Amino acid sequence: MRVILLGPPGAGKGTQAVRIAEAFGLPHISTGDIFRENVRGGTDLGTRAKSYMDAGELVPDEIVVGMVGDRLAEADAAEGFILDGFPRTVPQAQALEDLLVDRDAPLDVVLRFIVDHDEVVARLTGRRTCTGCGAVFHLEHAPPATEGVCDSCGGELIQRDDDTEDVVLNRLEVYRKQTEPLEHFYWERGLLRDVEAVGEVDGVAERALAVLRDYAG
Ligand code: AP5
């Protein structure tokens, strides 16, 4: 099954991708996570991406498309994948479509997560992320058992550089201008399905999984 998760920053794409990937045994491919790993590792890719990420701007398409093409060529993506944070522009979506046509492996569905502006601002400014394993918490909705410490690996929890309020507001504006046009792109292709993404995380997961079971065959 080949699935895209679409929705604004803070919609819960990463939170739900983990659950969906586990439920269907598919790799969770997050372009944001790949960039953050490269920033932590001090790679050339990380160095090129960092200034865009810190400002809440998109990394240029040519960098992202090449990186995703390489990732999708790995063996674990042969039977399907959950894409989280990609595509984010119409040229990225077109590049993905071309790549999948070449492989005779079309997309099954694009899940659009519906959440309002004030909710995503509250989610992002309250998010805390583990420096060790990347696990995600929230100060109110999903606090760790011990403040500042990851429940999964004991790593330190920090606020991402792009989760401060001014950068969050810019990311939402970038989403509106550059990523929202994808809704029409996928609607035209009959691939768009909505998921109400407010409420308990488990409830959102149930709604997302119910849609995906229709495609699981
Ligand atoms: P990326 O990491 O992809 O950021 P994003 O899309 O802005 O998404 P987020 O990770 O912020 O949010 P999410 O929807 O995954 O929410 P989450 O589950 O964490 O990208 C970062 C940067 O990398 C970009 O700005 C760009 O520079 C670059 N980049 C990445 N991909 C790119 C691309 N394709 N092209 C160009 N540049 C690219 O949840 C958020 C919070 O809410 C958490 O604290 C969570 O606990 C909480 N939460 C989740 N669900 C619920 C719920 N139901 N109720 C209450 N709280 C909830």
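**Salt bridges, cores and cysteines in the predicted model**

A network of salt bridges joins Arg-127, Arg-160, Asp-162, Asp-163 and Arg-171. The model is a predicted one. Within the network, the side chains of Arg-171 and Asp-162 meet at 3.8 Å, N to O. Both of these residues are buried. Asp-162 also appears among the contacts of Met-53, a residue of helix α3.

In total, the structure holds 19 salt bridges. Two further pairs illustrate local and long-range pairing along the chain. The local pair is Asp-33 with Arg-36, whose closest N and O atoms are 2.8 Å apart. Both residues belong to helix α2 and are three residues apart, about one turn of the helix. Their exposure can be stated for each residue. Asp-33 is partly exposed, with a relative accessible area of 33%. Arg-36 has a relative accessibility of 18% and therefore counts as buried.

The second pair is Asp-194 with Arg-112, with closest N and O atoms 2.6 Å apart. This pair links distant parts of the chain, 82 residues apart. Asp-194 lies in strand β8 (residues 192–196), and Arg-112 lies in strand β4 (residues 109–114). Asp-194 has 42% relative accessibility, so this residue counts as partly exposed. Arg-112 counts as buried, because its relative accessibility is 18%.

The largest nonpolar core has 29 residues. Phe-35, Phe-81, Leu-96, Leu-107 and Tyr-186 have the most contacts inside it. Several elements each give two or more residues to this core. The helices among them are α2 (31–41), α3 (44–55), α4 (61–72), α5 (90–102) and α8 (181–188). The strands are β1 (2–6) and β3 (81–84). Helix α4 supplies the largest share, five residues. A second, separate core has 25 residues, including Val-3, Leu-5, Val-120 and Leu-212.

Phe-81 is one of the residues with the most contacts inside the largest core. Beyond residues up to four places away in sequence, Phe-81 touches Met-1, Arg-2 and Val-3, among others. Its contacts also include Leu-26, Pro-27 and Ile-29. Leu-72, Leu-100 and Leu-107 complete the list. Of these partners, Leu-107 is itself named among the residues with the most contacts inside the largest core. Val-3, by contrast, belongs to the second core.

The structure holds one aromatic pair. Phe-185 and Tyr-186 form this pair in an edge-to-face arrangement, 5.0 Å centre to centre and with 85° between the planes. Both rings belong to buried residues. Arg-189 lies over the face of Phe-185, at 3.6 Å from the ring centre. Tyr-186 also ranks among the residues with the most contacts inside the largest nonpolar core.

Zero disulfides are found in a search of the whole structure. Cys-130 is in no disulfide, and the nearest cysteine sulfur, that of Cys-153, is 3.5 Å away. The sulfur of Cys-150 has its closest cysteine sulfur in Cys-130, at 3.7 Å, which is too far for a bond. The cut-off for a disulfide is 2.5 Å between sulfur atoms. Cys-130 is buried, with a relative accessible area of 2%. Cys-150 is buried as well, with a relative accessible area of 3%.

Two residues of helix α3 were examined individually. Met-53 lies in this helix and counts as buried, because its relative accessibility is 15%. Leaving out residues up to four places away in sequence, Met-53 touches Gly-32, Phe-35, Arg-36, Val-39, Val-59 and Asp-162. Among these, Phe-35 is one of the residues with the most contacts inside the largest core, and Arg-36 is the salt-bridge partner of Asp-33. Met-53 and Val-167 are 114 residues apart in sequence, yet their C-alpha atoms are 9.4 Å apart in space.

Tyr-52 is also found in helix α3. Its relative accessibility is 32%, so Tyr-52 counts as partly exposed. Apart from neighbours within four places in sequence, Tyr-52 is in contact with Glu-57, Leu-58, Val-59 and Pro-60. Val-59 is thus listed as a contact of both Tyr-52 and Met-53. Tyr-52 and Ala-210 are 158 residues apart along the chain, and 36 Å separates their C-alpha atoms.

Terms used:
Residues numbered from 1 in each chain as written. Predicted model: local features only at pLDDT ≥ 70, side-chain atom pairs only at ≥ 80, totals over all residues. Heavy atoms only, no water. Core = buried A, V, L, I, M, F, W, Y, C linked by side-chain atoms within 4.5 Å. Buried < 20%, exposed > 50% of the residue type's maximum accessible area, 1.4 Å probe, protein only. Helix = DSSP H or I, 4+ residues; strand = E, 2+ residues; numbered from the N terminus. Contact = heavy atoms within 4.5 Å. Salt bridge = Lys/Arg side-chain N within 4 Å of Asp/Glu carboxyl O. Phe/Tyr/Trp six-rings, centres within 6.5 Å; stacked < 30°, edge-to-face > 60°. Lys NZ or Arg CZ within 6 Å of the ring centre and 35° of its normal.
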